[in-house]
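Let's take a walk through this model together, starting from the inside and working our way out. Have the sequence and the coordinates ready as you read.

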Amino acid sequence: MKKKPVEQDLRVKSRHFRWREYALTYFVLLTLSAGQGMIYAEYMDFDQMPPEYIWGMLGYWAIVTAVFCMVTARQKFLAFDKPMRKLSEAAKQVAEGDFSVYLEPTHTADKLDYVDVMFEDFNKMVEELGSIETLKNDFIANVSHEIKTPLSVIQSYATALQKEDLPREKRKEYADTIITASKNLTSLVTNILKLNKLGNQEISPAAEPFDLCRQLCDCALTFENAWEQKGIEFVADLDDRAMVRADASMLEIVWHNLLSNALKFTEPGGTITLTQASDEDSVTVSVSDTGCGMDKETMKHIFDKFYQGDTSHSGEGNGLGLALTLRVIELAGGSISVKSEPGKGSTFTVRLKVEPQ
């Protein structure tokens, strides 16, 4: 299969071989030869030299100049112009939205030059751009789907509320459904905006020392009614005090998401455990549950936007909580890990740096 020839870009006006350069090179070579003649003049009488010899020398250096210019032009073409044309054509394809472009290095791995390295970096850049484009398209598709669902619910039940003979109980049920759907939509939009601002670093976390144990207690108490209604046992094992330096309002999002997920996936009669331990360098917080657990494939994607491994609970969230949690922890300079087995529950572990005393 023949390769498609690289077309000359009409925007390029300069060429490597020009008559001006040829004339300059010819003049330089003649000057150098004149210097050589001055040395020979010490031993030869140039007055007796026939004119044919002079014209012959001028013609000789004209040929030498032409050969020299053609050789250097070819070297520049092979070393610079040809790979730059390939790079220019590839960049043009990427600019038009083709992210399948790949530039093959011209040398083997043990003889790479700067052009080959540039090709490798270009290939990496195109690969990253392709991934970003895929993520963008997936993000748009997911956002459209997630927004469409609550809007459809609101529209359907709002239409049903227009019936004049609708019983009072049904009317209240439909109104509650619309309120719930609108709250889910509000939560979705809020989380999308938070993720976008955190991703673009428009939110600069205000890092200040605060007592993490106090925050964990306050956050856990907000779920007290929920786990009592569901018949879930809540166990907490916390230190009296653990000072960390971070944005308290941002970390509150982390504990809220982890505890709400544990509550959502734990069946009635199960157990949720919140533990916290500190050492000289870090503080570790773990949230464990006895819920349905996750397989290895699900664990690979749990921090992806809109990913929901257990579709039976998809109506209770929008798949952005853990993505938001991960971003907040990264900005705080911490780390998060997860251990889980199907049918045996899950444990999320967060590690943060402690505030020096």
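**From the core to the surface**

Leaving aside residues up to four places away in sequence, L258 touches V287, L322, I336, F348 and V350. Keep in mind that you are looking at a predicted model. L258 is a good place to begin, as it is listed with L212, L251, V254, W255, F348 and V350 among the residues with the most contacts inside the largest nonpolar core, a set of 37 residues. Several elements build this core: α5 (212–221), β3 (243–246), α7, β4 (271–278), β5 (282–289), α9 (321–331), β6 (335–340) and β7 (346–353) each supply at least two residues. The largest share, nine residues, comes from α7.

That helix deserves a look of its own. Helix α7 covers residues 248–265, and its 18 residues reach 26 Å from the first C-alpha to the last, close to the 26 Å expected at 1.5 Å a residue. Its buried residues include M250, L251, I253, V254, W255 and L258, and also N257, N261 and K264.

Now step back to the whole chain, which has nine helices and seven strands. Of its 357 residues, 30% count as buried. Among contacts with a separation of 6 or more, 71% are between residues 24 or more positions apart. The chain exposes about 24000 Å², with carbon and sulfur atoms supplying 57% of that area.

On to the charged side chains. Those of opposite charge can pair when their charged atoms come close. The structure holds five salt bridges, and here are some of them. In one, K172 and D176 meet at 3.1 Å, N to O; the two residues are four apart in helix α4 (residues 168–199), so about one helical turn separates them. K172 is exposed, at 54% relative accessible area, while D176 is partly exposed, at 35%.

Helix α5 offers another pair: R214 and D218 meet at 3.6 Å, N to O, and because they are four residues apart in the helix, they too are separated by about one helical turn. Here R214 is exposed, at 55%, and D218 is partly exposed, at 39%. E341 and K344 also form a salt bridge, at 3.5 Å, N to O. E341 is partly exposed, at 45%, and K344 counts as exposed, at 62% relative accessibility.

Where on the surface can you find a nonpolar patch? L24, F27, V28 and L32 make one of about 430 Å². L32 lies in helix α1 (residues 19–40) and is exposed, with a relative accessible area of 58%.

How values were computed
Residues are numbered from 1 along each chain as its sequence is written. This is a predicted model: local features need pLDDT of at least 70, side-chain atom pairs count only at pLDDT 80 or more; totals for chains, interfaces and linings use all residues. Side-chain values use heavy atoms; hydrogens and water are left out. Patches are made of residues with over 30% relative accessible area and no salt bridge: like charges are joined within 9 Å, nonpolar side chains (Val, Leu, Ile, Met, Phe, Trp, Tyr) within 5 Å. Accessible areas come from the Shrake-Rupley method with a 1.4 Å probe; for residues, only the protein chains shown count as cover. A salt bridge is a side-chain nitrogen of Lys or Arg within 4 Å of a carboxyl oxygen of Asp or Glu. Buried means under 20% relative accessible area, exposed over 50%, partly exposed in between (1.4 Å probe, protein chains only). Contact means heavy atoms within 4.5 Å. The expected span of a helix is 1.5 Å times one less than its number of residues. A nonpolar core is a set of buried Ala, Val, Leu, Ile, Met, Phe, Trp, Tyr and Cys residues joined through side-chain atoms within 4.5 Å.
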